[in-house]
Amino acid sequence: MEIRVYNNKFSFQSGLTKQMKAEIRHCNVKDIENYFAAANINTDFKNNRVVAWSSLKCFQILRYINNRFHYNTGMPNGILVEDYEKLNGVDRSAMGLTNFVPSYLFKAKDIIVPEKTIVFNSNNIKWENLDSIADECYEKGISATDFFLENILHEFMHVLHENNMINRLGCEKLLKVLQSLHKEGFLDGFISKHGKKLSKICHYAGSNPLEAVACDLSKRNLKVLDKERLIPQKNIFGEYPYSEKTVLSHRELSQRDMLLRKLWNGKFSP
């Protein structure tokens, strides 16, 4: 994949505070897993404090949006930390993935992992360097921001996207939409037609419809986040392209936002 570095940086000038680092060092992973279990979310963090604490913060951000702004973002069915060498058909260098359809994800386990399950990579990723990893991913155009939660929140945004598509399309139609991504020439056509305008979010956003929405959602949510308290100051789901209630004239809408609106609702045709 071609990587580009852009000069129009979207920098927050802040990362993990001393208090956050202390919370990570002293957090009890089992307590966090029990916290998720109370919300009917299956987790196994393999005692990874960084991923457990960061996932908790992302969950609390979404829960705050739901409670404060009377919204229903949807939540993951599960959050796991696994060695990607043990999984089928995954990019072993990736930090995280979201399972969009129920599948036999494990090579040696005869179990079906449900949709909307997030799996973070335990192999070759030094999670204790989350802050510097976020900076590196941003510089390479892989991430939309350089904020330390970006790579974790990105996977939660995939879950939100899938939740919205399920509500609109139903499971059967959504499966057909997801299968279309694997048709010969589809992604090449998508990149050719939409890649340039979506790369304004970040380079990776222009690579396919799912990444476009996840990158844009994480960027918008982090933009309105109080960086120390990790509390959203605004509901981005009350605005176009993620809300139908917003009334704007055609002239007020950018081509990118109109495209994101279609992708958000599962209309992927190039």
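D44 is partly exposed, with 31% of relative accessible area. In this predicted model, the side chain of D44 is engaged in a salt bridge with that of K46, at an N to O distance of 2.8 Å. K46 likewise falls in the partly exposed class, its relative accessible area being 44%. A further salt bridge connects K46 with E82, and here the closest N and O atoms are 3.0 Å apart. This second pair bridges distant parts of the chain, since E82 belongs to strand 2 (residues 78-82) whereas K46 is situated in the loop between strand 1 (42-44) and helix 3 (49-69), a separation of 36 residues. E82 has a relative accessible area of 8%, under the 20% limit, and is therefore classed as buried. Taken together, D44, K46 and E82 form a linked network of salt bridges.

Pairing of this kind can arise when the charged atoms of oppositely charged side chains come close. Over the whole structure, the search returns 10 salt bridges. One of the other pairs was examined in the same manner: E85 and R92 meet through their side chains, with an N to O distance of 3.1 Å. E85 is partly exposed, at 39% relative accessibility, and R92 is also partly exposed, with a relative accessible area of 35%.

With regard to overall architecture, the protein chain contains nine helices and six strands. Its radius of gyration is 18 Å, close to the 18 Å that the globule rule gives for 270 residues, so the chain is as compact as a globular protein of that length. The C-alpha trace extends over about 50 × 45 × 40 Å along the principal axes. Of the 270 residues, 52% count as buried.

Charge is also gathered on the surface without salt bridges. A patch of positive charge is formed there by K173, K176, K193, K262 and K267. Within this group, K176 is placed in helix 6 (residues 171-180). The relative accessibility of K176 is 55%, which is over the 50% limit, and K176 therefore counts as exposed.

Several backbone features were identified in loops. The peptide bond joining Y240 and P241 is cis, with omega at about 15 degrees. P241 occupies the loop between strand 6 (231-232) and helix 9 (255-264). Positive phi values occur at K116 and N124, neither of which is a glycine. For K116, phi is near 60 degrees, and the residue is located in the loop between strand 3 (96-99) and strand 4 (117-121). With a relative accessibility of 10%, K116 falls under the 20% limit and so counts as buried. For N124, phi is about 70 degrees. This residue is found in the loop between strand 4 and helix 4 (130-139). N124 counts as exposed because its relative accessibility, 65%, is over the 50% limit. The two residues thus share a positive phi, but K116 is buried and N124 is exposed.

The loop between strand 4 and helix 4 also holds N123. N123 is partly exposed, with a relative accessible area of 25%. Between N123 and G141, which lie 18 residues apart along the chain, the C-alpha atoms are separated by 22 Å. For C215 and T145, the separation in sequence is 70 residues, and the C-alpha to C-alpha distance is 8.8 Å. C215 is part of helix 8 (residues 209-223). The relative accessible area of C215 is 1%, so this residue is assigned to the buried class.

Note on methods:
Residues numbered from 1 in each chain as written. Predicted model: local features only at pLDDT ≥ 70, side-chain atom pairs only at ≥ 80, totals over all residues. Heavy atoms only, no water. Patch = residues over 30% accessible without salt bridge, like charges linked within 9 Å, V, L, I, M, F, W, Y side chains within 5 Å. Areas by Shrake-Rupley, 256 points an atom, 1.4 Å probe, with all protein chains shown as cover. Salt bridge = Lys/Arg side-chain N within 4 Å of Asp/Glu carboxyl O. Lys, Arg positive; Asp, Glu negative; His and termini not counted. Charge placed at Lys NZ, Arg CZ, Asp CG, Glu CD. Helix = DSSP H or I, 4+ residues; strand = E, 2+ residues; numbered from the N terminus. Buried < 20%, exposed > 50% of the residue type's maximum accessible area, 1.4 Å probe, protein only. Rg over C-alpha atoms; globule rule 2.2 N^0.38 Å.
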